[in-house]
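Got the viewer open? Here's a short tour, with something to select at each stop.

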Amino acid sequence: MTDTNTTSPTLTIGDKTHPIDSLSELAKAQLANLQIVDTEIQRLQQQLGIAQVARETFLTTLQTEFAKLG
C-alpha cells in the first residue's frame with residue numbers, strides 16, 4: 001500500500017501560513033508578480049556582477065597603460 005499524503009503548497013508571511021489554493025485571485029496574482037520581480041532582481045544582480053568584473057578589468061588595463069607612460 002502506498003501512502004499518498006499530498007500536501008498542497010503553502011505561503012508563509014510573517015507568522016501566518018495559508019494554503020495557496022485558499023488565496024483570492026488577487027493574492028495569487030500578487031504572488032505571481034512577486035515571483036517575476038524576484039527573478040528579475042536575481043537577473044539584474046548577475047548583470048551587475050558581470051559589469052563590476054568588466055569595470056575592474058578595464059581599470060586594470062588602464063592602469064597598465066598609464067604605467068607605460070612613466
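Start by selecting Thr 12 and Thr 17 with side chains shown: the two side chains make a polar contact at 2.7 Å. Bear in mind that this is a predicted model. Thr 12 sits in strand β1, which covers residues 10–13. Buried or exposed? Thr 12 is partly exposed, because its relative accessibility is 47%, between the 20% and 50% cut-offs.

Now add Asp 38 and draw a C-alpha to C-alpha distance from Thr 12. You should get 16 Å, for a pair 26 residues apart in sequence.

Next, keep Thr 12 and bring up the rest of the lining of the largest pocket: Leu 11, Ile 13, Lys 16, His 18, Leu 23, Ala 27, Gln 30, Leu 31 and Leu 34. The space in there is about 150 Å³. Colour the lining by class and you'll find six nonpolar residues, three polar and one charged. Which elements supply at least two lining residues each? That would be β1, β2 (16–19) and α1 (25–69), with α1 giving the largest share, four residues.

Time to zoom out and switch to cartoon. There are one helix and two strands, running β-β-α from the N terminus. The radius of gyration is 24 Å, well over the 11 Å that the globule rule gives for 70 residues, so the protein is more spread out than a compact globule. Along its principal axes, the C-alpha trace spans about 80 × 35 × 20 Å.

Last stop: turn on the surface. About 6500 Å² is exposed, 60% of it from carbon and sulfur atoms, and just 3% of the 70 residues count as buried.

Conventions:
Residues are numbered from 1 along each chain as its sequence is written. Side-chain values use heavy atoms; hydrogens and water are left out. Buried means under 20% relative accessible area, exposed over 50%, partly exposed in between (1.4 Å probe, protein chains only). A polar contact is a pair of N or O atoms within 3.5 Å; within protein, one must be able to donate a hydrogen and the other to accept it, and residues adjacent in sequence count only if both atoms are side-chain atoms. On a 1 Å grid over the protein atoms alone, a cavity is a set of points where a 1.4 Å probe fits but cannot get out, and a pocket is an open set with protein on both sides within 12 Å along at least five of seven lines; lining residues have an atom within 4 Å of a point. Grid points are joined across faces, edges and corners, and a volume is the space filled by probe spheres set on the points. Ala, Val, Leu, Ile, Met, Phe, Trp, Tyr, Cys and Pro count as nonpolar, Asp, Glu, Lys and Arg as charged, and the others, Gly among them, as polar. The radius of gyration is taken over C-alpha atoms; the globule rule is 2.2 Å times the number of residues to the power 0.38. Accessible areas come from the Shrake-Rupley method with a 1.4 Å probe; for residues, only the protein chains shown count as cover.
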